[in-house]
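Reader: I have a model open and would like to learn how to read a helix, a fold and an interface from it. Where do we start?

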Amino acid sequence: MAVPIAPRKKATNAASKIPGMVKSLISEAHRAKQEGRPTAYSFICSGYDEIIRAMDITPIWVENFAGVCAAKREAPRFLERAEAGNFSRSLCTYATCGLGFDLLREELGQMPPSAPWGGQVRPDVMLGSGQMICDPRYKWFQAAQQLMPDVPVYVTNAFYPPFEDDIDYREIIDHYVRYMTEELRGLVRFLEKNTRRKMDWDRLSELVDLTDRTWTLIHNTYELRKAVPTPMDTGDAMNTMVPVAFMMATQQCYDFFTELYAELQDRIANKIGVIPEEKYRLMWGGGLPSWFALSDFNYFWSKGAVFPVETTYRVIEDMAALDIPRVSDPLEHIAWRYIKYFLRWHDAARKRPGSHPDVERLILYIEDYKIDGIVIHEAFSCRSWHPGLLWQLSVLKKIYKPVPVLTLGRDGKSSQEYREVPSLVLESDIVDISSYSEADTHNRIDAFIATLESQKK
Amino acid sequence: MVKSGVTGEGLSIAEKYYREYGYRARELKKQGKKVIGYICAFVPLEMLSAAGVVPVRIKGNVREPITRADAEMETIVCPLIRSCFDLALKGKYEFLDGLVVPHSCDSVTRTYDIWKSNLKLPFCHFLNVPHSTSEPSLKFFRAMLELFRNSLEKFTGKEISDRDLVRAIKLHNRNRALMRQLYELRKSDPPLISGVEMTRVLVAAMSLPVDESNSLLESIIREVKARNKPTAKKSARIMVIGAQVDDTALMEIIEENDASVVIDDLCIGTKIYWPDVAVNDDPLGSLATRYLEDLMCPRTYRDKTGTNEEYVEERFGHIGRFIREYKVNGVVLYIYKYCDPYGFEVPDIKRYIEALNIPVLYLEDEYSLSSIGRLKTRVQAFLEIMG
């Protein structure tokens, strides 16, 4: 079922460069392969960006490639190949798209015909990740290894303390930092052995410093979106996630955000918003997007709704706020940064009865970005980021009612009451377009806009 | 014998505990005992036993539609977990004083907060479990077990000494040995105990204090050994592989079709009853090794050492051994929808078993009887083809 792709209209100049950047990420892997430089199947947000960059290993971002396949509507044939190979359609479709592609490439002994942007090259190593969430990060490459038995796999564990009533994370954080540091050290040993590249520790320290600065720069850039009208919205952020997720620890990423920062400042100074008249400011409150239907943001814009903020892919923080101890070991620093990011909202949650760090983050953004409503997307194939979103909305509803509404009683007297921030749940997938209905999505958006409208009155 | 008010032979007691799940926990609760629910196979029961609480594994009910859970728990979550949560919301686990949830898979981990905020139990603990078996992983897991011990001590007000732990480990090792003895009685042809009966025993054991479970198993072993006229010999000997299959429905379908379920690789069955815990002066270290290294669950990644064939053997060799020892001639690979850890293993497991010249029926299913008609048709066709 082909759905016409509507062009996106309101992108920042910086974001309009993204498609070219994605293409060069994929072609860089091809170039590395041709030149005999080591390549690695890699996952985003795994804490190893600086390590692979410092060792001149070219990452092949497997989630990126699946997203490209989805955006170009090329995923179905790879999903079908995976399903024919007994990978269930209910599994993570990033993974099944990638495995389907690998199956075809290994069977053919060459790139499948018409592979998007030249296809995904065969890696020299695969770098899995055992995290608090996302089972596919350690299962996907284990399955892929059965297609490529000669390609070694390493799984780095990177955990953080859960939010518990009786345990403050400060009591136990050292265990987590020590563990992740040792796991990263194991990764360096693995890479040295399997790629014959020696770690350049000075280079690693430089890249760790660059990453720290980049995190703060991205944070400051995204903070500019608080302006009314907002100079950039989530439609763009789903593109600017490319340097955040796939180019961290590179000067190119830093330069990109320097440019974006300047552009947003300029837009703010000239009061240039994403749309001429902002009626509703929304938050993308969770869920990975449908990469084949990013044009839905256009539909929101047509209704006067913009997204100044999102939780998805905002995987950076202001380094000063993270308050990381000074340590000399760059691997330990990486571990502290990674872990403290996930603990950022713990203290706020402790102060509000019935709350939770994820909910506190929503509240912070609602207040900072003057949010009128929340939109979440439930992608059916991903149990990593999506379970818990409904519950977060439910908790938010119970503990936070910031919207003043005037009601008229039977006695004719008006009174003010406070209601929760309204929310919309969209349902589809990240890659599998067969789960998507444009008509249903637009109907839901229409109904949500009507709710927002009634609250504004 | 079992110290409850229930009378009768072991198998009938097991059936009662299966049908009225949590029966004994409710009785013990009335007597002042604390009852702690837990999810999945990664919670060290030895710790709960040493703390003097009654451990009850949370199970769902395939016969009850999910009507309350969906408001806060997404339908893409493992259907077993949704069913468990639905029952909890409906008050079926009203006897719990606490809940322990391990970091086993996404569906379990991501829903911990949902359980916690809805059940509002006096005690909740999330046990972090690494995904690998590396040396740092074992060290970290040991530290997490220490934290679990401290947390339980605070809740119960009782110190859990190493000596308490060793005592509990011995009791649980005894429990596992007894269960293995019962499995031995399935090796004969026909087996002395059916798959349906075995499922009832396994489920009953999930809800009992270890000493009571041991007494019950001793009684059941005596009873089964004494059977001089076992069920009729059937043409197929089936192994069932999957996660928490805690209802007899699937076994009934198989055994109604001229087949016997003789062995399993389920996380309420051989997965938890085969590996013992080493008895030594470092009980936490022994528990860490047993639950992380020895428990063969797809949620734990094992580094590849040696050739690919050796790696496959390391991951699935136990299945091959069961097939040989129990003279299995057909395997039902029964996987719940939305199960990523198992789902990604399916092609590898299937390939491994088929290489042994054993046919495999792969079924992906919801945790619900609504699909029973389709299941029957698939199983019947599979058994017919096996001849």
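Reader: How far apart should the ends of helix H14 of chain B be?

Author: A helix rises 1.5 Å a residue, so the 18 residues of helix H14 (residues 308-325) of chain B should span 26 Å. This is a predicted model, and in it the end C-alpha atoms of H14(B) are 24 Å apart, which agrees.

Reader: Where does H14(B) bend, and by how much?

Author: The bend is at B:Phe316 and comes to about 70°. B:Phe316 is also buried, as are B:Ile319, B:Phe322 and B:Ile323 of this helix.

Reader: What do the buried residues of H14(B) pack against?

Author: Their partners in chain B are strand S5 (236-242), strand S6 (259-265), helix H12 (270-273) and H16. After H14(B) comes B:Lys327, with a positive phi near 50°.

Reader: How many helices and strands does chain B have?

Author: There are 17 helices and 8 strands in chain B. Its radius of gyration is 20 Å, close to the 21 Å from the globule rule for 387 residues, so chain B is as compact as a globular protein of that length. Of those 387 residues, 54% count as buried.

Reader: How many residues does each chain give to the contact?

Author: In general, the size of an interface is often given as the accessible area lost when the parts come together. Counted by residues here, the contact takes 45 from chain B and 47 from chain A. On the side of chain B that touches chain A, H7(B) gives the most, with 7 residues. That side divides into 19 nonpolar, 13 polar and 13 charged residues.

Conventions
Residues are numbered from 1 along each chain as its sequence is written. Chains are lettered from A and ligands numbered from 1 in the order in which they are written. This is a predicted model: local features need pLDDT of at least 70, side-chain atom pairs count only at pLDDT 80 or more; totals for chains, interfaces and linings use all residues. Two residues are in contact if their C-beta atoms, placed from the backbone, lie within 7 Å. Helices (H or I, at least four residues) and strands (E, at least two) are DSSP runs, numbered from the N terminus. Ala, Val, Leu, Ile, Met, Phe, Trp, Tyr, Cys and Pro count as nonpolar, Asp, Glu, Lys and Arg as charged, and the others, Gly among them, as polar. The expected span of a helix is 1.5 Å times one less than its number of residues. The bend at a residue is the angle between axes fitted to the seven residues ending there and the seven starting there. A residue is buried if 20 or more other C-beta atoms lie within 10 Å of its own, exposed if 12 or fewer, and partly exposed in between; C-beta atoms are placed from the backbone. The radius of gyration is taken over C-alpha atoms; the globule rule is 2.2 Å times the number of residues to the power 0.38.
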